[in-house]
Amino acid sequence: MMMLVDCSRCHTPLQLPPGARSIRCTVCHAVTLIAVPPPTQPHSQYMPPSSSFQYYPHPPPPLPYGVAPSPGYHIPSVHGKKRALICGVSYKYTEDELKGCFNDARCMKFLLVSRFKFPESSILLLTEEESDPYRRPTRQNMINAMRWLVQGCQPGDSLVFHFSGHGSQKRNLTGDEIDGFDETLCPVDYKTDGQIVDDEINDIIVRPLPPGAKLHAIIDACHSGTVLDLPFLCRMDRTGKYSWEDHRPRSGRWKGTSGGEVFSFSGCDDNQTSADTSALSKVTSTGAMTYSFIEAIERGHGGTYGSMLNAMRSTINNSTSGSSEIFGRPWGGDLVSSLLTMLLEGGSLASRIRQEPQLTSDQMFDVYKKPFSL
């Protein structure tokens, strides 16, 4: 009988014939040496590892993961209580270039690992800085990675999707959008391969979420208020008073989960734009929304969803007036501020920020009573 061993390079499970001393991986072609021929065992004692890469709810696509991985390529486990997908798209060497998106991605990963104890092995990072072509934030890679995020999701799992880059809108032709427009995210190849529409995002990472599972999306992009197409939007004024708006499609189609919970913090309303600025960090360019989200947690305002949203709005509003709370405060020993110091890249000129963070959800709740946690 055959037993399973992991490839020494890409960790793909391989069937080892009895008595074999080595085996070549059909995926990355690496040779894995077996020091001592293992004894044959009944197949029932060897189960495939949880890192086998199949997307939910669709059958495995031919690309990109597991087909032609580069040396050292490793697929994060699809199981585990905490996992995250982080996308930072800078559109380098184009007229659309942004300065802070890679910094946003790095800072968000640092926050998840340091503050919320996400295993690094269960965080998938897509940026243009990655040498592996399958970890670049292309349309196909992002869609496949979103499928990975929810694949095998179980009760008690906590998932995070962070995107920093350009967002846009497209005319909605189905009548499902109150304002007549679909919201979109722009991958690095959006001009050739297209944008990712809110309906697609909802189908992939929202609707499959089972009871007991939780997903938080942090979207730092223009026109991103309802980019997950969630049924309800929390509208909060400058005094902190809030009300829920019903954004369910007129067709009656359900845009929520299969029983799980989804919350999305967005950088602005659907008709607003977001800022890429150095006015907040004072040392390098960041997305205003990503910075204010991290700042709220670092300053101890992450108790409830309402306190989070209020703190984020305060950070962004104070930046427009040059408040000493933003421009004059000492950095101290904050975890994220120390990371920002390491990310010095000659940030862009400070700009006035005109955006209002939004919260959308698959349910309505008291934002000042419901505890926030990743």
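**Exercise 1.** How many residues has helix 1, and what does it reach from its first C-alpha to its last?

*Solution.* The model is predicted, so local features need pLDDT of at least 70 and side-chain atom pairs count only at pLDDT 80 or more, whereas totals for chains, interfaces and linings use all residues. Residues are numbered from 1 along each chain as its sequence is written, and side-chain values use heavy atoms, with hydrogens and water left out.

Begin with the limits: helix 1, a DSSP run of H or I with at least four residues, numbered from the N terminus, covers residues 101–116 and has 16 residues. Next take its span, which reaches 21 Å, close to the 22 Å expected at 1.5 Å a residue, where the expected value is 1.5 Å times one less than the number of residues. Finally, look just past the helix, where Lys117 follows with a positive phi, near 60 degrees.

**Exercise 2.** Describe the aromatic pair of Tyr305 and Phe365.

*Solution.* A search of the whole structure finds 11 aromatic pairs, a pair being rings of Phe, Tyr or Trp (its six-membered ring) with centres within 6.5 Å, stacked if the planes are under 30 degrees apart, edge-to-face if over 60 and tilted for the rest. Tyr305 and Phe365 are edge-to-face, at 5.5 Å centre to centre and 65 degrees between the planes. Tyr305 lies in helix 6 and Phe365 in the segment after strand 17, 60 residues apart. Tyr305, at 1% relative accessibility, counts as buried (under 20% relative accessible area, with a 1.4 Å probe and protein chains only; exposed is over 50%, partly exposed in between), and Phe365 is buried at 11%.

Notes
Helices (H or I, at least four residues) and strands (E, at least two) are DSSP runs, numbered from the N terminus.
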